[in-house]
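Subject: Structure for your files, with notes

Dear colleague,

Here is the structure I said I would pass on. My notes on it follow below.

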Amino acid sequence: MRTVVDSSLPLPILNRGKVRDVYAVDSERILLLATDRVSAFDVVCTEPVPYKGAVLTQLTAWWLRQLEGEIPHHMITADARKIIAAVPVLSGHQEALEGRAMLCRRAAVVPIECVVRGYIAGSAWKEYRAHGTLAGEPLPPGLRESDRLDPPIFSPATKAVTGHDENIPVSRMIEILGAEETARLERFARLVYERGHEIARRRGIIIADTKFEFGRSGGELLLVDEVLTPDSSRFWPVEGYAPGAPQPSFDKQPLRDWLDVQRAAGRWDGNAPAPALPDDVVASTSARYLDVFRRLTGSDLLKPHPT
């Protein structure tokens, strides 16, 4: 499977995001193609991570199959042959689509990311350590880094097209979307997190936190974009879990940690462009994507995986 930084398909391009290229198919469908671009701290790095796009697409498709019947979603198919049969203009582009493309229903995306934190880590731990709060709201005293939060905390964030997303209190989300919509989104996000956490834990993985996106299509609320992937979630091994310190990671945390070191040393100001990633950081990040896919699905990425 070749590494892809940019895609070029015979469809109108709607958006080139940090990772995904979004193409218009018609008034009811779009095509999402996950490249191997990698972002951290909302900055896209120059160096791609091999296999990353395929892991994001195939893992999302796998999770959506686990959630079938529980949460409505936007995926039509992630099978390249079925995509070509449905969109004949893509004939001859199977190699570009294989493993990394998803045909989806169009949806108007809700402008809030629905974050669920089952454990305190990352930006939440940094704010709590400094102020005892999350998005300015107080949390219980005495929490340690990586402690479990029971029940999990629903922690929305504003979606940034450029720059950094910002954690906001639920009260601000209500101001933006209204109380009814906020409650519905929180209920859906908690359901997906709890279901995902249960499935992953049986496979030896803790989902510490994750973010979801939702959209509306014909009045129906749909789960959209990626779901419970190494880009949208923090994955830890169950074995050896010990709160009070950072945990070993199956996601791109090592890449974030390396960039954090560069920022702390004054070699990076946290904005684009990011410093060049060393080969070992790229290789270890790719290995973690492949490893978490194998652990969760029980299949190797490069073997046929039904969709």
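How far apart are the end C-alpha atoms of α8, and what should its 19 residues span at 1.5 Å a residue? The end C-alpha atoms are 27 Å apart, and this agrees with the 27 Å that the 19 residues should span. Please keep in mind that this is a predicted model.

Helix α8

Helix α8 covers residues 279-297. Its buried residues are Val281, Val282, Thr285, Ser286, Tyr289, Leu290, Val292, Phe293, Leu296 and Thr297. Viewed down the helix axis, these buried residues fall within an arc of 165°, so they line one face of α8. In general, an α-helix has 3.6 residues a turn, so residues three or four places apart point the same way. The face of α8 turned away from the buried side carries the exposed residues Asp279 and Asp280.

Several elements take part in covering the buried residues of α8, including α1 (52-66), α6 (179-202), β15 (205-217), β17 and α7 (253-264). Just after the helix comes glycine 298, which takes a positive phi of about 75°.

One residue of this helix may serve as an example. Threonine 285 lies in α8, and it counts as buried because its relative accessibility is 0%, where the cut-off for buried is under 20%. A polar atom of the threonine 285 side chain lies 2.7 Å from the backbone oxygen of valine 281. If neighbours within four places in sequence are left aside, threonine 285 is in contact with Val49, Lys252 and Leu255.

Strand β3 and its partners

Strand β3 takes in residues 29-34, and 5 of these 6 residues are buried, so the strand is largely enclosed by the rest of the structure. β3 is paired with β2 (residues 20-24), to which it runs antiparallel, with 5 bridges joining them. Within this pairing, alanine 24 of β2 stands opposite isoleucine 30 in β3. The connection from β2 to β3 is a hairpin of 4 residues.

β3 also pairs with β7 (residues 101-105), again in the antiparallel sense and over 5 bridges. Here leucine 33 stands opposite alanine 101 in β7.

Salt bridges

How many salt bridges does a search of the whole structure find? The search finds 30. In general terms, side chains of opposite charge can pair when their charged atoms come close.

Arginine 20 takes part in a salt bridge with aspartate 225, at 4.0 Å from N to O. The two residues belong to distant parts of the chain: arginine 20 is in strand β2, while aspartate 225 is in the loop between β16 (220-224) and β17 (233-237), 205 residues apart. Arginine 20 is buried, with a relative accessible area of 12%. Aspartate 225 counts as partly exposed because its relative accessibility is 23%.

Arginine 20 forms a salt bridge with glutamate 226 as well, and there the closest N and O atoms are 3.3 Å apart. This pair also links distant parts of the chain, since glutamate 226 is in the loop between β16 and β17, 206 residues from arginine 20 in strand β2. Both arginine 20 and glutamate 226 are buried.

A further salt bridge joins glutamate 220 and arginine 105, with 3.2 Å between the closest N and O atoms. Glutamate 220 lies in strand β16 and arginine 105 in strand β7, so this pair ties together parts that are 115 residues apart in sequence. Glutamate 220 counts as partly exposed at 34% relative accessibility, and arginine 105 counts as partly exposed at 27%. Elsewhere on the list, salt bridges that share partners join Asp6, Arg16, Asp21 and Arg37 into one network.

Glutamate 175

Is glutamate 175 buried or exposed? Its relative accessibility is 59%, so glutamate 175 counts as exposed. This residue is found in helix α5 (residues 170-177). Glutamate 186 is 11 residues away from glutamate 175 along the chain, and the C-alpha atoms of the two are separated by 15 Å.

Regards

Conventions:
Residues are numbered from 1 along each chain as its sequence is written. This is a predicted model: local features need pLDDT of at least 70, side-chain atom pairs count only at pLDDT 80 or more; totals for chains, interfaces and linings use all residues. Side-chain values use heavy atoms; hydrogens and water are left out. Buried means under 20% relative accessible area, exposed over 50%, partly exposed in between (1.4 Å probe, protein chains only). A polar contact is a pair of N or O atoms within 3.5 Å; within protein, one must be able to donate a hydrogen and the other to accept it, and residues adjacent in sequence count only if both atoms are side-chain atoms. Contact means heavy atoms within 4.5 Å. Two strands pair if DSSP finds at least two bridges between them. A salt bridge is a side-chain nitrogen of Lys or Arg within 4 Å of a carboxyl oxygen of Asp or Glu. The expected span of a helix is 1.5 Å times one less than its number of residues. The arc is that of the directions from the helix axis to the C-beta atoms.
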